[in-house]
Structures are given as C-alpha cells and as structure tokens.
Amino acid sequence: MARRVLEWAVNILMIGLAVAEASESYARPFDPYIKYRPDFARSLPVQILLTGIILTLVAVLFIHLMFTAQYHWPLAPVNYVLQLSGVTTLLISLIATIHVVLSATLAESERWPYMLNYIAVNVPPPLDTEFDSDMWSTAERATWLVMNASTSGLIQITHIQFLTLLYPSQLEGRLIFALLGPLAIVAAVMQLVPISDNVKINVIASAVRNVCNATLSLLFTVALFIWGLLVNRRQAWRTDGGTAAFGAGALALALVSTALNFLFVNKEDEFVWLPGLMWAVILWQSFLGWWWWVGAGSGGGLTTDDEDLEDRLRRKAKRETRKKERRRETRTKARKVWQGVFGDHLHMMKMMLPNHLPPPIQTCLPLRQSRSPPYHAPCLDSSTIGTPSFVVSTSPRHAGKQQSGFVAYGNWSATAIQGLLQQGRDGV
C-alpha cells in the first residue's frame with residue numbers, strides 16, 4: 001500500500017514538473033527556433049502576391065504600348081519593336097512562373113500533411129536540392145534558362161537603344177554600344193550557366209550576372225540624370241504636356257531600379273521574385289523615359305523653338321524650289337533636243353526635195369488644249385514660224401488622251417516625211 005502511494009506521489013510530481021516546464025516555455029519572450037525560420041519575404045504568400053502584382057504592371061505596360069503604337073512607331077520604330085518584344089517576353093515569363101508556383105502548391109497540398117509549405121517555390125529549382133531537381137528535366141530547365149536569357153537581353157538592349165536616342169551623335173552611339181553592349185551580352189549569357197551541375201561555377205556565374213546588371217542599371221541612371229539635368233534641362237522640365245511628370249517618373253524609377261539591383265547582389269537566394277520586379281521597373285523606366293524624350297521636343301527632330309521652326313520651313317521651301325527648277329530645266333532640255341532633231345530633218349528635206357514640199361499649211365502648235373469642241377490646239381501658219389512643232393493629233397474621240405505612232409506636220413505624217421527623205425538619198 002505504501003509503495004502505491006509513493007508511485008502516485010512520484011507521478012503527480014512528474015506531471016507537475018512537466019506542466020510547469022510547459023508553462024515556462026510558453027511564457028518565454030524568445031523562441032530558440034525562430035531564428036532558423038526564413039524571412040517572411042521568402043515565404044510562399046509573398047511570392048504569389050508580388051508575382052501577381054508584377055504581372056499586372058507588365059500587362060498594363062503592354063496595353064499602353066498597344067494603344068500608343070500609332071504615335072510611337074512613326075517616331076522610333078526600332079525602339080517600339082524592342083520595347084514590345086521585351087514586354088511580351090517578360091509577360092510570358094511571369095505567366096509561366098505563376099503557373100509553376102501554383103502547380104507546385106497544388107501538388108504539395110495533395111500530400112501528407114495536406115498543408116502548404118512556408119518557403120517560396122524555387123523557379124527553376126536549384127540542382128543541389130535533390131527532391132526539387134528531380135521534378136524538372138534537363139530540357140525543361142534549359143528552356144526556362146533560355147527564356148530568362150532572352151528576357152534579360154531584350155530588356156537591356158532596349159535600354160541601350162533608348163540611350164542612343166538621348167545621345168544621337170554617331171560618336172556617342174558607338175561609345176554607348178561599345179561600353180554597355182558587352183555587359184548586357186555577358187549578363188544574358190550568364191543566365192544559361194545554371195544548366196551545369198557544378199555548384200561553384202553556378203555561384204560565380206550568378207555573381208557575374210548580378211554585378212553586370214547592377215553596373216548597367218547604375219550607368220543608365222547616371223546617363224538619364226545627365227541628359228535631364230545638364231544636356232537638355234531647358235526643354236526637359238516643361239510643364240506643358242506632362243513632360244516634367246514623365247521626367248520625374250523616369251528618374252524615380254531609375255533610382256529604384258539601381259537600388260533593387262544592388263540589393264539583389266547579396267539577397268538573391270532570399271528574394272526569388274525580385275528579378276521580375278527589376279525587369280518590370282526597367283521597362284517602365286524605358287517607357288516613361290521615351291515619352292519624356294518626346295515631350296522635350298527631341299522625338300523625330302521636333303522642337304518648339306520658333307526660330308528653329310522657321311529655319312526648318314525655310315529649308316523645306318528651298319528644297320522644293322530647287323526640285324521645281326531641276327524639273328523645269330529637264331523639260332527645257334528635252335524640248336530643245338526634240339526640236340533640234342526634227343528641225344534638222346526638215347532642213348535636209350528642204351535641201352534635197354524643194355519641189356516636193358507642200359504649200360504653207362497650218363501647223364498645230366503644242367499649246368494648251370481647249371476644253372470645248374472641236375478639241376484641237378490653236379493653229380498658226382507654218383510660214384510664220386521658224387522651227388515647226390510636232391504634236392500629237394487629237395480628236396473628240398481621243399480628247400485628253402496621249403496618242404502614239406502619229407506625229408503630224410501639217411497634213412503630212414512622219415512616215416511620209418521619212419519616205420521623202422529616203423527618196424532624196426536614193427537620188428530621186
């Protein structure tokens with residue numbers, strides 16, 4: 001009996017200690033395991049939310065490009081094609097990312113314990129995680145990496161081409177392509193390296209890619225600030241037409257893009273949704289910057305300066321005058337050659353066949369044709385003019401239509417005149 005009482009007392013004591021320990025653990029202000037939890041920015045809800053927001057931003061930009069095509073294309077067709085290609089590629093990439101994330105979430109919810117994971121879905125999954133890497137084949141991974149490389153290359157090239165619009169001289173354009181082009185190409189090529197199984201090579205490629213993207217973003221921002229604050233400050237900050245608003249938006253997005261790129265250098269593993277946000281910001285920056293460029297009077301050589309407008313109109317009038325003078329000289333030379341050729345024929349005919357020529361007759365001169373019957377040009381006596389004119393005979397049936405094959409000298413056709421000339425050569 002005493003033994004049982006002792007066992008009950010020991011059990012009650014153990015239960016009391018357990019309850020006290022549990023109460024003490026719940027009352028602790030610090031959880032020792034909380035430090036191992038990933039940041040909330042790397043969680044699945046944040047990934048789905050921000051990917052959806054980025055997708056919306058890119059879709060809105062795509063709609064803007066569609067509705068502004070009639071203005072954008074005539075001024076800068078190359079820039080429009082590059083912007084549209086970059087937006088389309090990024091839109092496809094985001095749609096595919098949403099599909100992969102939701103598919104992985106649905107598949108995870110169908111397995112025990114029928115709950116969702118806290119950590120965001122890696123797209124594509126890294127090769128060092130065996131469970132995730134087995135879900136992707138080599139072809140799928142290669143296709144995804146090629147899509148990322150295409151998106152990166154198109155967006156960076158779009159921004160580089162936009163800088164050539166801001167700095168249009170040939171030397172500046174060559175410098176821009178020579179300095180920024182290789183960085184954009186290297187950054188795009190580094191997107192393809194993660195197909196390798198070597199973890200060390202993948203880490204180096206990721207570092208090189210992030211550094212190139214951060215450098216390009218910084219150079220884009222500096223170039224945009226120099227153009228807006230130094231090169232074209234007088235026209236870039238006009239309040240009419242929203243020019244200043246476009247400029248402020250472009251510069252603000254440039255700063256945001258640079259900050260995100262530098263943040264991504266050290267936080268690549270924590271923010272899997274950040275690359276899409278960076279590309280979306282750069283595309284919006286290019287779009288607003290292009291309209292800033294147009295509003296500042298640079299698009300297509302446009303300017304609001306009255307003196308420049310007058311000079312342009314004066315040069316255009318001079319060009320039109322020179323064109324008219326050249327056409328007039330060409331017609332005069334052709335008329336002289338025509339009259340000279342047939343004048344020589346008439347002189348030869350007079351010398352060889354003086355008795356075969358008809359008496360003075362009326363010759364139709366090439367004057368303006370009358371609009372009323374009998375639909376013929378005014379005629380003059382051939383004896384009162386020096387060189388006869390050869391015109392095409394017209395009739396009411398063929399009024400207003402040029403004929404061929406019948407050139408009249410009075411009542412004589414060109415065929416009859418050639419026959420007389422041939423008879424003179426034969427000694428008739």
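Visitor: Where in this predicted model is P113 found?

Guide: P113 is found in the loop between α4 and α5, the latter covering residues 130–133. P124 lies in the loop between α4 and α5 as well.

Visitor: Which residues are joined to these two prolines by cis peptide bonds?

Guide: The general idea comes first. Most residues other than glycine have a negative phi, and most peptide bonds are trans. In this structure, a cis peptide bond joins W112 and P113, with omega at about 10 degrees. Another cis peptide bond joins V123 and P124, and its omega is about -15 degrees.

Visitor: What is the phi of Y114, and where is Y114 placed?

Guide: Y114 is not a glycine, yet its phi is positive, at about 60 degrees. Its place is in the loop between α4 and α5.

Visitor: Is Y114 buried or exposed?

Guide: Y114 is exposed, because its relative accessible area is 53% and the cut-off for exposed is over 50%.

Visitor: How should one read a pocket, and what volume does the largest pocket have?

Guide: Rolling a probe the size of a water molecule over the atoms shows where empty space is left. Here the largest pocket has a volume of about 1,300 Å³. Its lining consists of 45 residues, of which V123, P124, R209, F264 and E268 are the closest to its centre. Both partners of one cis peptide bond, V123 and P124, are thus in that group.

Visitor: Which elements give two or more residues to the lining of the largest pocket?

Guide: They are α2 (44–67), α4 (77–109), α6, α8 (199–231), α10 (243–266) and α11 (274–295). The largest share, nine residues, comes from α8. By class, the lining has 24 nonpolar, 14 polar and seven charged residues.

Visitor: Helix α6 is among those elements. Where does H159 lie, and is H159 buried or exposed?

Guide: H159 lies in helix α6, which spans residues 138–166. H159 has a relative accessible area of 2%, so it is buried, the cut-off being under 20%.

Visitor: Which residues does H159 touch?

Guide: Not counting residues up to four places away in sequence, H159 touches F220, I282, Q285 and S286. With Q285 there is also a polar contact of 3.1 Å between the side chains.

Visitor: Which residues are in contact with L84?

Guide: L84 lies in helix α4. Leaving aside neighbours within four places in sequence, L84 is in contact with F62, L65 and M66. L84 and A69 are 15 residues apart in sequence, and their C-alpha atoms are 9.8 Å apart in space.

Visitor: How many helices and strands are there in the protein, and what share of its residues is buried?

Guide: There are 13 helices and five strands. Of the 428 residues in the protein, 33% are buried. Among contacts between residues at least 6 apart in sequence, 67% join residues at least 24 apart.

Visitor: What is the mean pLDDT of the protein, and where does pLDDT stay under 50?

Guide: Where pLDDT is low, the predicted coordinates should not be read in detail. The mean pLDDT of this protein is 76, and 66% of its residues reach 70 or more. Among its elements, α2 has the highest mean pLDDT, 94, and strand β3 (residues 391–392) the lowest, 41. Over residues 300–305 pLDDT stays under 50, and the model has nine contacts beyond four places in sequence for them. Over residues 360–413 pLDDT also stays under 50, with 77 such contacts in the model.

Notes. Residues are numbered from 1 along each chain as its sequence is written. This is a predicted model: local features need pLDDT of at least 70, side-chain atom pairs count only at pLDDT 80 or more; totals for chains, interfaces and linings use all residues. Side-chain values use heavy atoms; hydrogens and water are left out. Helices (H or I, at least four residues) and strands (E, at least two) are DSSP runs, numbered from the N terminus. Buried means under 20% relative accessible area, exposed over 50%, partly exposed in between (1.4 Å probe, protein chains only). A polar contact is a pair of N or O atoms within 3.5 Å; within protein, one must be able to donate a hydrogen and the other to accept it, and residues adjacent in sequence count only if both atoms are side-chain atoms. Contact means heavy atoms within 4.5 Å. On a 1 Å grid over the protein atoms alone, a cavity is a set of points where a 1.4 Å probe fits but cannot get out, and a pocket is an open set with protein on both sides within 12 Å along at least five of seven lines; lining residues have an atom within 4 Å of a point. Grid points are joined across faces, edges and corners, and a volume is the space filled by probe spheres set on the points. Ala, Val, Leu, Ile, Met, Phe, Trp, Tyr, Cys and Pro count as nonpolar, Asp, Glu, Lys and Arg as charged, and the others, Gly among them, as polar. pLDDT is the predictor's confidence in each residue, from 0 to 100.
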